[in-house]
There are 2 protein chains.
Amino acid sequence: MRLAELSERSGVSTATIKYYLREGLLPAGRQINATTAEYDEEHLRRLRLVRAMIQVGRVPVAKVRDVLGHVDDDSLPRTIRLGAALWALPQVPEPDEDDEYVQAAHLEVDKLLDQLGWENAKQLITISPAYRSLVVAVAAFRRIGYTFGAELLAPYAELMYRTAVLDLDNMEAYPSEAERIEFAILGVILNEPVKQALHRLAQEEETARRYGFE
Amino acid sequence: MRLAELSERSGVSTATIKYYLREGLLPAGRQINATTAEYDEEHLRRLRLVRAMIQVGRVPVAKVRDVLGHVDDDSLPRTIRLGAALWALPQVPEPDEDDEYVQAAHLEVDKLLDQLGWENAKQLITISPAYRSLVVAVAAFRRIGYTFGAELLAPYAELMYRTAVLDLDNMEAYPSEAERIEFAILGVILNEPVKQALHRLAQEEETARRYGFE
């Protein structure tokens, strides 16, 4: 298809597509002559992914380029390619390791991972932003006087683990590796708002079931 | 306790406490003489809550006042008092009801609520920001060519429902109504980062279990 059709089908303006091409977020089309290039379904899919990251996920252009670089590098292990989007999202600041609450939170989270038997997650703690986020959140609770300990966290972690199994099952249902990796990225960017909204709706439902509207 | 002790025990400076008092976020202490007031454990708890909302949740002062107004109004139904924090959080913009993707997303989410039998949540759809957020997120998926339909959403919703049951069970373990409502608010502000981090950690764990690090 030509640029005009790519624009039509993706809903992205030709000016924006040209910008993405210049920035290297979209591979060049097949040049037919000096002024015309031809694009295919893969361009369309990549364009949708880029738009999702930039417009819905508000991921900066440089980060998008970085994520796509990981996604397209098939010399990397799959776990790392799939994790690229997660690691490119806005992250919490590094916790202050001298802070007593941060230190206590580390102990608590490590205890949790042991209890759960999450051996792989344990191997990743030095590089994982998810681990860091959890430590920061648990430390924030402690700082205002609440202990959110391993016993309280474990049942939540088990439910989140079942959620992650669903995520990966849904991803594996896609026929091609390119689509699977794309779905994983979209999952991180768009899925989290879906789950958060479902969780809040479920809280409304259960609160009203228990206490009614009186 | 005096102001200095309240500051010491809460870790909030006396200048900030005075600011919260002026802004009506903290009830006045019991006046002992013209220059000295006495504060109690309830002041300390309320102060921690205010600090959690402002410093961790980044809730604007006017919103904090609004949430506390709902929390303290015992003429309101419990479901509404507990929901006050949820409704005071930053919300997604109103969806554009003329947009075809938004209309399709409404149909899909309504179908989901029917399938799940969430009758209470259905009653709240005209006022619920959670419902609106879900519609906006589902519409965003549709706009880039992904159908995130009721069948795909239902198993996630069931897990989130079980998470909400845990939330309310944990809340009900607190002895006083004041603490329960405080926990519900903290739950919204601090719990969501905890659950999101646990979910991401679970994704790392499951991805590595399935695909290893090779």
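In the predicted model, A:Ala52 touches A:Gly57, A:Leu186, A:Ile189 and B:Ile144 when residues up to four places away in sequence are not counted. The residue lies in helix 3 of chain A, which spans residues 41–56, and, because its relative accessibility is 0%, A:Ala52 counts as buried. One of its contacts, A:Leu186, is 134 residues away from A:Ala52 in sequence, although the two C-alpha atoms are 7.2 Å apart in space.

The contact of A:Ala52 with B:Ile144 leads to the interface between the two chains, to which chain A and chain B give 82 residues each. The area buried between chain B and chain A is about 8300 Å², with carbon and sulfur atoms giving 66% of this area. On the side of chain B, the residues that lose the most area to chain A are B:Ile144, B:Tyr156 and B:Phe213, which together account for 9% of what that side buries.

Polar interactions were also examined. Four salt bridges are found across the interface of chain B and chain A, and B:Arg210 forms a salt bridge with A:Glu172, in which the closest N and O atoms are 3.3 Å apart. Across the interface of chain B and chain A, 28 residue pairs are in polar contact, with both residues at pLDDT 80 or more. The elements that give two or more residues to the side of chain B touching chain A include helix 3 (41–56), helix 9 (150–172) and helix 10 (177–211) of chain B; the largest share, 25 residues, comes from helix 10 of chain B. By class, this side of chain B has 48 nonpolar, 15 polar and 19 charged residues.

Key
Residues numbered from 1 in each chain as written. Chains lettered and ligands numbered in written order. Predicted model: local features only at pLDDT ≥ 70, side-chain atom pairs only at ≥ 80, totals over all residues. Heavy atoms only, no water. Helix = DSSP H or I, 4+ residues; strand = E, 2+ residues; numbered from the N terminus. Buried < 20%, exposed > 50% of the residue type's maximum accessible area, 1.4 Å probe, protein only. Contact = heavy atoms within 4.5 Å. Buried area = accessible area lost by both parts, 1.4 Å probe. Salt bridge = Lys/Arg side-chain N within 4 Å of Asp/Glu carboxyl O. Polar contact = N/O pair within 3.5 Å; in protein donor to acceptor, adjacent residues only side chain to side chain. Nonpolar A, V, L, I, M, F, W, Y, C, P; charged D, E, K, R; others polar.
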